[in-house]
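This report goes through one protein model part by part. Please look over the sequence and the model before reading on.

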Amino acid sequence: MSTVSSSSALLLVYLRAVALATQALAVLLATGVLGMRLPLAMDGLILGALAFMNALAWWYARRGDEPSAWVLTAQLALDIVGLTAFLYFNGGYANPFASLFLLPLAVAATVLPMPHTAGLTALVVAGYSLVMFAYRPLPHYHGSLGDSFDLHLLGMWLSLVVAAVVIAAFVARLAATLRAREAHLAQLREAALRGEQLAALGALAAGTAHELSTPLSTMAVLVGELRRGAGADQRTDLDLLSQQIERCREVLTRNLTVTGQGRAEGGGRLSLQTWLCTLVDDWQRIRPQSQVRLSCSGPGEPPQVVVDETLRQALCSLLDNAADASAAVDLCARWDGQAVLMEVADRGAGIPSELAPRLGQPFVTGKQGGLGLGVYLARAVIERLGGRLVIAPRDGGGTLAQVSLPLAALAA
């Protein structure tokens with residue numbers, strides 16, 4: 001079932017209120033100022049009924065519910081019936097407010113399906129035809145504003161003003177809503193495309209991990225055999241090589257775990273500070289030549305977080321980029337009751353100006369031999385957790401990567 005946005009329904013309520021207020025003001029001026037004898041009781045009953053219906057529509061729209069097309073059609077049909085009754089008691093089709101018949105059709109044509117618009121069009125034609133042949137004429141007027149014809153022209157002007165304001169406001173608001181919806185759809189399409197790319201990369205990573213496991217096992221066996229006949233100096237190098245091989249196997253096992261193709265390891269809840277210390281220790285096993293200055297601050301105890309391997313890998317990618325730029329890297333974490341802000345900063349050459357607008361897109365890199373996937377994957381992981389990654393120049397030189405994440409996403 002098609003629906004109408006609550007904002008459009010609320011706007012219609014406000015515009016209907018303007019139209020009813022204008023009709024009520026015209027009746028009061030005609031009777032109170034011009035001295036014309038109008039059916040005040042019937043006019044009050046009709047306009048009051050429409051105002052009550054409008055109040056109900058306002059209450060419904062304020063709840064945020066999106067009315068169905070049938071509900072909005074019913075409202076516009078009551079508008080047409082009420083206007084027909086008002087015109088019947090106030091001069092019929094000769095009443096200048098007869099042009100207000102076009103307002104419900106303008107609204108229907110913009111937001112309702114074609115069958116609903118066609119039905120309302122038929123109702124308008126029927127109502128206008130009725131007041132052409134059956135109506136109570138307005139009393140003649142001769143006063144300071146001229147005769148009845150002059151008064152009719154003045155009423156036509158006022159009716160045109162009301163119709164122009166209502167149509168322009170509604171169409172302008174509807175166009176803005178459509179533009180916002182198009183922008184939202186574009187974001188969804190971009191997110192879907194990014195998801196497809198990540199899925200493809202995940203499958204590729206899983207396949208690569210499987211293919212590398214066999215040569216790594218072979219290398220581990222050969223290192224063990226070489227150690228038997230090696231001297232003391234060679235044993236030191238072989239031990240380092242064995243550690244690096246074991247580290248590579250751990251990374252492959254973790255990747256398989258993340259992609260759901262391996263054995264689950266680790267996990268559980270840790271304090272944010274403990275998790276970051278462990279992350280830095282693991283990372284420095286791969287990059288022992290780099291120095292990381294870790295600092296954590298915030299009110300109270302560090303928040304508890306659930307270990308997320310994808311987030312760990314995202315932070316490691318940012319640390320890798322920072323370590324490639326400078327030997328010393330700062331990792332700072334701050335938290336409050338709602339979010340965590342983690343900053344990875346270096347004192348390198350900074351971001352090239354021609355690269356800055358495209359940073360974070362796949363296969364965009366400024367490093368010699370880089371793949372251009374680290375920042376892209378890191379941003380995808382962070383946004384999946386409801387966070388945001390901002391990379392900008394650092395005060396005093398270098399690059400600053402800011403990762404903001406809601407605590408709820410880390411603790412879930």
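The text below covers the overall make-up, one helix, the sheet, the aromatic pairs and the cores.

## Basis and overall make-up

The model is predicted, so local features need pLDDT of at least 70 and side-chain atom pairs count only at pLDDT 80 or more, while totals for chains, interfaces and linings use all residues. Residues are numbered from 1 along each chain as its sequence is written, and side-chain values use heavy atoms, with hydrogens and water left out.

The protein chain has eleven helices and nine strands. Helices (H or I, at least four residues) and strands (E, at least two) are DSSP runs, numbered from the N terminus. Of the 412 residues in the chain, 36% are buried. Buried means under 20% relative accessible area, exposed means over 50%, and partly exposed lies in between (1.4 Å probe, protein chains only). Among contacts with a separation of 6 or more, 71% are between residues 24 or more positions apart; a contact means heavy atoms within 4.5 Å.

## Helix α2

Helix α2 covers residues 40-62, which is 23 residues. The expected span of a helix is 1.5 Å times one less than its number of residues. For α2 this gives 33 Å, and the end C-alpha atoms are 32 Å apart, which agrees.

Which residues of α2 are buried? They are D43, I46, L47, L50, M53, N54, A57 and A61. An α-helix has 3.6 residues a turn, so residues three or four places apart point the same way. The cover over the buried residues of α2 includes α1 (6-32) and α3 (69-88). After α2 comes G64, with a positive phi near 90°.

## The five-stranded sheet

Strands of a sheet pair through backbone hydrogen bonds, either parallel or antiparallel. Here, two strands count as paired if DSSP finds at least two bridges between them. An open sheet of five strands has the order β4-β6-β7-β9-β8, with mixed pairing. Its edge strands are β4 (291-297) and β8, each pairing on one side only. From one strand to the next, the twist averages 15°.

Strands β8 (residues 388-393) and β9 (residues 399-406) run antiparallel and are joined by six bridges. Within this pair, A392 is the bridge partner of L400, and P393 is the bridge partner of T399. The two strands form a hairpin with five residues between them, and G396 in the turn has a positive phi of about 90°. On β9 there is also antiparallel pairing with β7, over seven bridges. A339 stands opposite P406 in β9.

Two helices lie across strands of this sheet. Helix α8 (residues 272-286) crosses β4, β6 (328-335) and β7 (339-346), at about 175° to β4. Helix α10 (residues 374-384) lies across β8 and β9, at about 140° to β8. Axes are lines fitted to C-alpha atoms, for helices over the stretch in contact, and angles run from 0 to 180 degrees between N-to-C directions.

## Aromatic pairs

The structure holds three aromatic pairs, two of which are listed in the table. Rings of Phe, Tyr and Trp (its six-membered ring) pair if their centres lie within 6.5 Å; planes under 30 degrees apart count as stacked, over 60 as edge-to-face and the rest as tilted.

| Pair | Centre distance | Plane angle | Type |
|---|---|---|---|
| Y88 and F89 | 5.0 Å | 85° | edge-to-face |
| F101 and Y128 | 6.0 Å | 75° | edge-to-face |

F101 lies in the loop between α3 and α4 (102-111) and Y128 lies in helix α5 (residues 114-133), so their pair ties together parts that are 27 residues apart in sequence. F101 is buried, because its relative accessibility is 2%, whereas Y128 is partly exposed at 32%. In the other pair, F89 counts as buried at 14% relative accessibility, and Y88 counts as partly exposed at 29%.

## Nonpolar cores

A nonpolar core is a set of buried Ala, Val, Leu, Ile, Met, Phe, Trp, Tyr and Cys residues joined through side-chain atoms within 4.5 Å. The largest core has 41 residues, and those with the most contacts inside it are L76, L87, V111, L112, L120 and F170. Two or more residues come from each of α1, α2, α3, α4, α5 and α6 (148-228). The most come from α1, which gives eight. A second, separate core has 36 residues, including L272, W275, V307 and A401.
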